[in-house]
Amino acid sequence: PPAQSTMTVAMPAIAIIIPALNAATTLEATLGMVADSALPDVELIVVEGGSHDATPTLAADLGATVIEAPRGRGSQMATGVSHSDAPWLFFLHADTRLEAGWDARLASFMADPANAERAGVFHLRFDDASPAARRLEWIANRRSRWLGLPYGDQGLILSRPFYEALGGFEPIPIMEDVALVRRVGRNRLVHLEGDAITDARRYQKGGYVLRMLRNLACLTSYFIGVPPRWLVRLYG
């Protein structure tokens, strides 16, 4: 029989892409969580959007590949994809940590052939035990399940071919997550077990009710055709 080649081509099973801007206070916990995962062949990419703090140095020191992109999560995440050949992509915010077992849930999602043209998200939870935080979590998680509109804070995993077929993230300053998941569609969105635990400071600072109203106003305005660049000030 012909001799079989023993040469293998190294390719990351999954690229974890984190857009970051002045995220030094939260990024260490997020990157530490990834470093402790049991996922094989993880490519960790932090896409820097012009921070004035120690974000780029911290990310590099913690083992991430750091690249630069124009400010805005849409352009940052799209740039991250262009710097990776991984067959699976997981987008995660720099102020979000995942509940224990998240790596096993991603591995299970990737192993199921039915998910080749689906996207997965986690449940939203804030690192705040207040009743106001619980109410907003409830609303956000129901929005995700009933309307197929998860928050970007919930993470997003999908295969590269599916991502490319959807057209990827648009280089827009806001609503990039909504634009993409609308193309995914509610019936192709899988809700994974476990929580995405998000830093609550921006909600605490402005107030949960006001933040919820701002989010709703931005979403409604976007749906009726207001250009995303006009929504940045409204979002705050």
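**Exercises on a predicted model**

Ile17, Phe91, Leu156, Leu158, Tyr163 and Met175 touch the most other members of the largest nonpolar core, which has 33 residues. The model is predicted.

**Exercise 1.** Find which helix gives the most to this core, and describe the surroundings of Leu156.

*Solution.* Start with the helices: H7 (residues 176–184) gives the most to the core, with 5 residues. Next take Leu156. Leaving out residues up to four places away in sequence, Leu156 touches Leu89, Phe90, Phe91, Ala119, Gly120, Val121, Phe169, Leu180 and Val181. Another core, of 28 residues, lies apart from the largest one; among its members are Leu44, Ala64, Trp88 and Leu98. In soluble globular proteins, nonpolar side chains tend to be buried together.

**Exercise 2.** List the buried residues of helix H4 and state how they are arranged around its axis.

*Solution.* A residue counts as buried when its relative accessible area is under 20%. In H4 (residues 102–111), the buried residues are Trp102, Asp103, Leu106, Phe109 and Met110. Now look down the axis of H4: these residues fall within an arc of 120 degrees, so they line one face of the helix.

**Exercise 3.** Decide whether the radius of gyration agrees with that of a compact globule, or disagrees.

*Solution.* The protein has 236 residues, so a compact globule would have a radius of gyration near 18 Å. The protein has 18 Å, which agrees. Its C-alpha trace spans about 70 × 40 × 35 Å along the principal axes.

**Exercise 4.** Give the share of residues that count as buried, and the exposed area.

*Solution.* Of the 236 residues, 50% count as buried. The protein exposes about 11700 Å², and carbon and sulfur atoms supply 56% of that area.

Note on methods: Residues are numbered from 1 along each chain as its sequence is written. This is a predicted model: local features need pLDDT of at least 70, side-chain atom pairs count only at pLDDT 80 or more; totals for chains, interfaces and linings use all residues. Side-chain values use heavy atoms; hydrogens and water are left out. Buried means under 20% relative accessible area, exposed over 50%, partly exposed in between (1.4 Å probe, protein chains only). Helices (H or I, at least four residues) and strands (E, at least two) are DSSP runs, numbered from the N terminus. The arc is that of the directions from the helix axis to the C-beta atoms. A nonpolar core is a set of buried Ala, Val, Leu, Ile, Met, Phe, Trp, Tyr and Cys residues joined through side-chain atoms within 4.5 Å. Contact means heavy atoms within 4.5 Å. The radius of gyration is taken over C-alpha atoms; the globule rule is 2.2 Å times the number of residues to the power 0.38. Accessible areas come from the Shrake-Rupley method with a 1.4 Å probe; for residues, only the protein chains shown count as cover.
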